[in-house]
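User: I'd like to learn how to read a structure like this one, feature by feature. Could you walk me through it?

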Amino acid sequence: MREENKPSTPSQKKKSKRSAWFWPAIYSGFALLFVGMVWTYQAVVKDDQAEQQEVAKSGSGGGEVTIETNAENENMKFPFDEALLDSVKVVQEFYDVEADSEQREKALLVFQQSYVTNSGISLSAGEEPFEVVAALSGTVEDIVVDEFTGNRVTIQHANGLKTTYGSVTGILVEKGDSVGQGDVIATTTSNEWNPEAGNHLHFEVTKDGVAVNPGEYLAF
């Protein structure tokens with residue numbers, strides 16, 4: 001009997017056809033996924049670079065944006081290196097109308113046989129000069145050079161605060177400069193207007209234009 005060649009079964013044909021397109025489709029899918037990941041990565045990197053450039057631009061010109069943001073979260077520090085805490089003393093107090101008579105008397109300055117109320121405090125380390133630092137981050141608002149009353153630097157801070165550093169020499173900042181908390185801005189000296197204090201720092205704090213006792217912010 002003649003043996004007839006049996007045609008391929010339908011299942012074999014389907015298997016052959018499926019094998020022909022299955023793996024190429026898988027490879028194509030992986031290729032598309034890879035390309036998509038590359039594009040996504042590049043887009044993220046470009047966005048990040050653009051953001052960094054924008055931050056760099058905003059921070060240029062003395063880093064004002066960064067400093068102002070930091071200042072809102074800062075607590076006031078002493079206007080000198082804290083390593084000097086044991087040697088720097090308050091020699092003239094802030095004049096507080098609500099203080100007792102003895103405290104008010106210590107806050108009176110004598111000039112040409114007249115009494116003047118002290119709008120800040122006078123800090124001294126004896127006759128030893130010491131470096132003056134910014135009590136808070138901010139922007140230098142004003143610099144006054146006056147050998148008689150003593151040079152002074154005023155810095156504007158966040159939240160309506162200003163600090164003034166008087167009876168100083170060797171000023172290291174200029175009007176409009178941005179300074180960080182703790183930056184050295186000058187060195188103490190003496191002046192003719194208040195010779196009783198000797199070599200000292202006259203430190204003032206104002207809140208919304210009104211002089212306040214620095215002791216409200218610092219434990220003098």
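Here is a walk from the whole chain down to single side chains.

Analyst: Sure. One thing up front: this is a predicted model.

User: Good to know. How many helices and strands does the protein chain have?

Analyst: The count is three helices and 12 strands. For the wider picture, 30% of the 220 residues are buried. The accessible surface comes to about 14700 Å², and carbon and sulfur atoms own 51% of that.

User: And what share of the contacts join residues at least 24 apart?

Analyst: Take the contacts between residues at least 6 apart in sequence: 64% of them join residues at least 24 apart.

User: Let's do strands. Which strands pair with strand 10?

Analyst: Look for bridges. Strand 5 (residues 131-133) is joined to strand 10 (residues 184-188) by three bridges, and the two run antiparallel. Within strand 10, Val184 stands opposite Val133. Strand 8 (residues 161-169) also runs antiparallel to strand 10, with two bridges between them. There, Thr169 has Thr187 as its bridge partner.

User: Any general rule for side chains on a strand?

Analyst: Yes: in a regular strand, side chains alternate between the two faces of the sheet.

User: On to charges. Where is the salt bridge, and which side chains meet in it?

Analyst: The idea is to look for a Lys or Arg nitrogen within 4 Å of an Asp or Glu carboxyl oxygen. The structure holds one such salt bridge. In it, the side chains of Lys162 and Glu141 meet at 2.9 Å, N to O. Lys162 sits in strand 8 and Glu141 in strand 6 (residues 138-144), so the pair links distant parts of the chain, 21 residues apart.

User: Why do both ends of it count as partly exposed?

Analyst: The class runs between the buried limit of 20% and the exposed limit of 50% relative accessible area. Lys162 has 27%, so it is partly exposed. Glu141 gets the same label because its relative accessibility is 31%.

User: Now aromatics. How many aromatic pairs are there?

Analyst: You compare ring centres and the angle between planes; an angle from 30 to 60 degrees makes a pair tilted. The count here is three aromatic pairs. One of them is Phe78 with Phe80, a tilted pair at 5.4 Å centre to centre and 35° between the planes. Both Phe78 and Phe80 are buried. Ring pairs also link Phe78, Phe80 and Phe130 into a cluster.

User: Why is the pair of Tyr165 and Phe203 tilted?

Analyst: Because their planes are at 45°, with the ring centres 5.5 Å apart. Tyr165 is in strand 8 and Phe203 in strand 11, so this pair ties together parts 38 residues apart in sequence. Tyr165 and Phe203 are both buried.

User: Last one, a single residue. Is His202 buried or exposed?

Analyst: His202 counts as buried, because its relative accessibility is 17% and the limit for buried is under 20%. His202 is placed in strand 11 (residues 201-207).

User: What does the side chain of His202 make a polar contact with?

Analyst: With the side chain of Glu204, at 2.8 Å. Leave aside neighbours within four places in sequence, and His202 is in contact with a list of residues including Asn118, Ser119, Gly120, Tyr165 and Gly166. Tyr165, on that contact list, is also the ring partner of Phe203.

Methods. Residues are numbered from 1 along each chain as its sequence is written. This is a predicted model: local features need pLDDT of at least 70, side-chain atom pairs count only at pLDDT 80 or more; totals for chains, interfaces and linings use all residues. Side-chain values use heavy atoms; hydrogens and water are left out. Helices (H or I, at least four residues) and strands (E, at least two) are DSSP runs, numbered from the N terminus. Buried means under 20% relative accessible area, exposed over 50%, partly exposed in between (1.4 Å probe, protein chains only). A polar contact is a pair of N or O atoms within 3.5 Å; within protein, one must be able to donate a hydrogen and the other to accept it, and residues adjacent in sequence count only if both atoms are side-chain atoms. Contact means heavy atoms within 4.5 Å. Two strands pair if DSSP finds at least two bridges between them. Rings of Phe, Tyr and Trp (its six-membered ring) pair if their centres lie within 6.5 Å; planes under 30 degrees apart count as stacked, over 60 as edge-to-face and the rest as tilted. Accessible areas come from the Shrake-Rupley method with a 1.4 Å probe; for residues, only the protein chains shown count as cover.
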